[in-house]
Amino acid sequence: VGGEPRRVQRGGLGGEADEVVDDDVDAAAHVEAAESGHVERLGGDALPGEGGVPVQGDGHDAASAVLAGTLLALAFVAVKVVNDMVLVGKGSTPATDLMWGSWFTLTAVHALHVLGGAIVTGWLAGPGYRMAAADPPRWAARVDATRLYWLFVDVAWLAIVVGFYVV
């Protein structure tokens, strides 16, 4: 690439892209094979600003966003309860057949997980938010753990919906 004495060909094999692939990727692949058990993590300030966990400066915005997430989770649970009441009113109960029994069981367990996540998320926005100023790394770790939990809950919901409506 830059600084090489030979001329780089354009259009066809042997061009600059081929040199980069030949010179860099093969070498990196050999290095990665030697470090197969090594896992690298992002540093504490790897995502400053956008996408990072705000612990100073715009803290009220962070608490408001976390509180909004809690309210949305509680709204989901409320909609789930009302939907189940409508289904039961129309004669679809867990005792109707295996499909309805599975639906009510899986969605009820999911709703309990959403409710538990809402409680934890609400705690992070309320009493736990004091930790953001007192011990920012600890609070950020709890926020990250809560994000992973919500990711699990979301994926579980998608699996339930796809399993019942698509498959």
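**Exercise 1. Burial in the chain**

Task: State what share of the 167 residues in the chain is buried.

Solution: In this predicted model, buried residues make up 23% of the 167 residues in the chain. To see how a single residue is classed, take Thr-146, which lies in helix α5. The relative accessibility of Thr-146 is 11%. Buried means under 20% relative accessible area, so Thr-146 counts as buried.

**Exercise 2. Elements and contacts along the chain**

Task: Find how many helices and how many strands the chain has, and give the order of its elements from the N terminus on.

Solution: Count the elements: there are five helices and zero strands. Read from the N terminus, the order is α-α-α-α-α. Next, turn to contacts with a separation of 6 or more in the chain: 62% of them are accounted for by residues 24 or more positions apart.

**Exercise 3. Confidence**

Task: Determine in which helix confidence is lowest and in which it is highest.

Solution: Start with the chain as a whole, where the mean pLDDT is 77 and 64% of the residues reach 70 or more. Then go to the helices. Confidence is lowest in helix α1 (residues 16–34), with a mean of 47, and highest in α3, at 94. Over residues 18–36 the pLDDT is below 50, and the model gives this stretch twelve contacts beyond near neighbours in sequence. Residues 39–52 also have pLDDT under 50. For that stretch, the model has four contacts beyond four places in sequence.

**Exercise 4. The pair α3 and α5**

Task: Decide whether α3 and α5 are roughly parallel or roughly antiparallel to each other.

Solution: Two packed helices are described by the angle between their axes and the distance between the axes. Helix α3 covers residues 98–125 and helix α5 covers residues 136–166. Their axes come within 10 Å and cross at roughly 165 degrees. Angles over 145 degrees count as roughly antiparallel, and α3 and α5 are therefore roughly antiparallel to each other. The residues of this contact divide into 19 nonpolar, seven polar and one charged. As for handedness, α3 passes α5 in a left-handed crossing.

**Exercise 5. Two residues of α5**

Task: Name the residues that Thr-146 is in contact with, leaving aside its neighbours within four places in sequence, and say how far Asp-154 is from Val-114 in space, C-alpha to C-alpha.

Solution: Thr-146 is in contact with Val-120, Thr-121 and Leu-124, once neighbours within four places in sequence are left aside. Asp-154 is also found in helix α5. With a relative accessible area of 45%, Asp-154 is partly exposed. Asp-154 and Val-114 are 40 residues apart in sequence, and their C-alpha atoms are 9.2 Å apart.

**Exercise 6. Two residues of α2**

Task: Identify the residues that Leu-74 touches, not counting those up to four places away in sequence, and give the separation of the C-alpha atoms of Ala-68 and Ala-125.

Solution: Begin with Leu-74, found in helix α2 (residues 59–89). At 39% relative accessibility, Leu-74 counts as partly exposed. Leu-74 touches Leu-115 and Ala-118, with residues up to four places away in sequence not counted. From Leu-74 to Gly-116 there are 42 residues in sequence and 9.9 Å in space, C-alpha to C-alpha.

Continue with Ala-68, which is found in helix α2 and counts as partly exposed at 36% relative accessibility. Ala-68 and Ala-125 are 57 residues apart along the chain, and their C-alpha atoms are separated by 9.3 Å.

How values were computed
Residues numbered from 1 in each chain as written. Predicted model: local features only at pLDDT ≥ 70, side-chain atom pairs only at ≥ 80, totals over all residues. Heavy atoms only, no water. Axes fitted to C-alpha atoms, helices over the stretch in contact; angles between N-to-C directions. Helix = DSSP H or I, 4+ residues; strand = E, 2+ residues; numbered from the N terminus. Parallel < 35°, antiparallel > 145°, perpendicular 65-115°, else oblique. Left-handed = near helix turned anticlockwise from the far one by under 90°. Nonpolar A, V, L, I, M, F, W, Y, C, P; charged D, E, K, R; others polar. pLDDT = per-residue confidence, 0-100. Contact = heavy atoms within 4.5 Å. Buried < 20%, exposed > 50% of the residue type's maximum accessible area, 1.4 Å probe, protein only.
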